[in-house]
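Please read this report with the sequence and the model open side by side. It is concerned with how the parts of the chain pack against one another.

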Amino acid sequence: MQGFSTRAIHAGQEPDPATGAVTVPIHPSSTFAQDGVGGLRGGYEYSRSANPTRTALQECLAALEGGRHAYAFGSGMGASDVLLRVLLKPGDHLVIPHDAYGGTFRLVDKVLTQWGVEYSAADLGDLDALRSVIRPTTKAIWCETPTNPLLGIADIAALAQAAHAHHTTLVVDNTFASPYLQSPLALGADVVLHSTTKYVGGHSDVVGGALICDDDALAERIGILQNSVGSVPGPFDAWLTLRGAKTLAVRMERHSDNAERVVEMLSAHSAVAKVLYPGLPEHPGHEVAAKQMRRFGGMVSFLVEGGKEAALKVCASTKLFTLAESLGGVESLIEHPHQMTHASVAGSALEVPDSLVRLSVGIEDVEDLLEDLRQALEA
C-alpha cells in the first residue's frame, strides 16, 4: 500500500483524461446526458445519485481510511442520521459514549427516540460498563475516541471484540483523530464516521461528513438511503474537502506539535486546575491512545481554577484563539462547551463541567499561541 500522503494526493485524483488537469474538476451539473435510455456515461445521471467530483472525494476518503466504500455527505450530522437509520429500527437499542458530542446526543435523544429507538450512555473506556448496558436489542455501539470535549479514550480493538460477540455493529467517530492519526477499520470497527468539516477539510471553509466501511451489504444500504433522502454535498463542497485532504498529514503533525507545547504550558500554570489530553502520561487512556494513535492530535481541554466565570473570562480574553464553535482548521479556536457545542446536554447525565475550556490548536507559530493563552489566563 502506498504511504498516507501519497494516497491523500493521488487516490481518486488522476489527471483529467480530457484536458490533463492535475486538479479534479468541479462538476456543477445537476444532470448528465445519456447515450440512449439507460446508457449512462461513467454511471452518472443525476447529481443527487452521483457526481464525478464527489466520486473523487469518496475514493480518496476510502483510501485514507483503508476501506472499500466511502460516502460523502452534506454534513457530519447528515452522515450520522443516515447511518443510524440504516442500523436501527423502532424498538432497537443504541449505546453512546457517556461524554458524546452534543449534536450526536441531540439527534439520538430528541429525534430517534421519537421513532421508538432506545439508548444508553456508557463509559466506553470501561468494557464492564459497556457490557452492563448491552441488551438483546442492542444493534449498534457508537464510539468517539478521543471524545468531544473531554478527550476520553476507548480501546477500539477491544470494543470491536465486545460488539461482535453480541452481534452488534461498532461505529467509530474518527473526527478528532482524523484518518492520519487513527485507523478504526484496521482495528475492527465496522463503520467510520467523519465530520469532514473539521480536520479533513482543515480550512474552516466547508461543511461535510463521510461514512467509510468495508461491508458490501452495509454500503449498499447506506447508498440507497443517502440517495433516497438526498443528504449529499454539492460538487464545490466536495472539491474543497478534497483539496483540504491533500495536506492532512503535514497539518496533523503541526497540530500535534503545537498542542503538545500548549499542554506543557497549561499543565504548569497556576490558573489551570486540570489539563485533559491523551498525550499526558497521567491521562487514564494514555496507554491505549499510544497504542492505536500515531500521535495525540490538536484538541486540548482544560478546567480553569475559579469555575465558570473564570472559564468564560479566559474565552473572552484570547486574541489569536478565536472564540468559535467547530474545530480542526488551520487557525486556533477556543470555546466554552457548557454553553456552546454541548448546550444540548445541559441537565442530562452527559452534562460537561462549566469550568471547562476546549481548544482547537491551530498551526500558527506556537510561541504566539502560548503567549496568547498566558495573557488570557492572567487577564
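What follows covers the nonpolar cores, the helix pairs, and some backbone details of this predicted model.

**Nonpolar cores**

The largest nonpolar core has 61 residues, and those with the most contacts inside it are L266, V275, Y277, V300, F302, V357 and L359. Helix α10, which spans residues 248–267, supplies the largest share of this core, namely 8 residues. When neighbours within four places in sequence are left aside, L266 is in contact with V272, V275, V300, F302, L359 and L377. A second core, separate from that one, has 30 residues and includes F73, L84, L94 and I96. In soluble globular proteins, nonpolar side chains tend to be buried together.

**Helix α3 and its two partners**

Two packed helices are described by the angle between their axes and the distance between the axes. The table gives both values for three helix pairs of the model.

| Helix pair | Axes come within | Crossing angle, roughly |
|---|---|---|
| α3 (residues 76–87) and α8 (residues 216–229) | 9 Å | 125 degrees |
| α3 and α4 | 11 Å | 40 degrees |
| α2 (residues 52–65) and α9 | 8 Å | 35 degrees |

With axes that cross at roughly 125 degrees, α3 is oblique to α8, and the crossing of these two helices is right-handed. On the α3 side the contact involves V82, L83, R85, V86 and L87, which meet L218, R221, I222, L225, Q226 and V229 in α8. The residues of this contact of α3 with α8 divide into 8 nonpolar, 1 polar and 2 charged.

Helix α3 also packs against α4, and the axes of α3 and α4 cross at roughly 40 degrees. These two helices are therefore oblique to each other, and their crossing is right-handed. The contact is made by M77, S80, D81 and L84 of α3, together with G103, T104, L107 and V108 of α4. By class, the contact of α3 with α4 has 4 nonpolar, 3 polar and 1 charged residues.

**The surroundings of helix α4**

How far is helix α4 enclosed by the rest of the structure? Of the 10 residues of this helix, which covers residues 102–111, 7 are buried, so α4 is largely enclosed by the rest of the structure. The buried residues are G102, G103, T104, F105, L107, V108 and D109. They pack against α3, and also against the strands β2 (93–97), β3 (118–122) and β4 (138–144).

**Helices α2 and α9, and the place of P235**

In the third pair of the table, α2 passes α9 in a left-handed crossing. The contact is made by T53, R54, A56, L57, C60 and L64 of α2 and by P235, A238, W239, T241, L242 and A245 of α9. The residues of this contact of α2 with α9 divide into 9 nonpolar, 2 polar and 1 charged.

P235 is placed in helix α9, which runs over residues 235–245. Not counting residues up to four places away in sequence, P235 touches I26, H27, P28, N51 and T53. From C-alpha to C-alpha, P235 and T197 are 15 Å apart in space, while in sequence they are 38 residues apart.

**Backbone details in the loop after β4, and at S178**

Which peptide bond is cis with omega about -5 degrees? That bond joins T145 and P146, and P146 is found in the loop between β4 and α6 (156–165). The peptide bond from N148 to P149 is also cis, with omega near 15 degrees, and P149 too has its place in the loop between β4 and α6.

L151 is found in this loop between β4 and α6 as well. Its phi is near 60 degrees, a positive value in a residue other than glycine. With a relative accessible area of 1%, L151 is buried.

S178, a residue other than glycine, likewise has a positive phi, near 75 degrees. S178 lies in helix α7, which covers residues 178–181, and at 0% relative accessibility S178 counts as buried.

Notes:
Residues are numbered from 1 along each chain as its sequence is written. This is a predicted model: local features need pLDDT of at least 70, side-chain atom pairs count only at pLDDT 80 or more; totals for chains, interfaces and linings use all residues. Side-chain values use heavy atoms; hydrogens and water are left out. A nonpolar core is a set of buried Ala, Val, Leu, Ile, Met, Phe, Trp, Tyr and Cys residues joined through side-chain atoms within 4.5 Å. Buried means under 20% relative accessible area, exposed over 50%, partly exposed in between (1.4 Å probe, protein chains only). Helices (H or I, at least four residues) and strands (E, at least two) are DSSP runs, numbered from the N terminus. Contact means heavy atoms within 4.5 Å. Axes are lines fitted to C-alpha atoms, for helices over the stretch in contact, and angles run from 0 to 180 degrees between N-to-C directions. Angles under 35 degrees count as roughly parallel, over 145 as roughly antiparallel, 65 to 115 as roughly perpendicular and the rest as oblique. A crossing is left-handed if the near helix is turned anticlockwise from the far one by less than a right angle, and right-handed if clockwise. Ala, Val, Leu, Ile, Met, Phe, Trp, Tyr, Cys and Pro count as nonpolar, Asp, Glu, Lys and Arg as charged, and the others, Gly among them, as polar.
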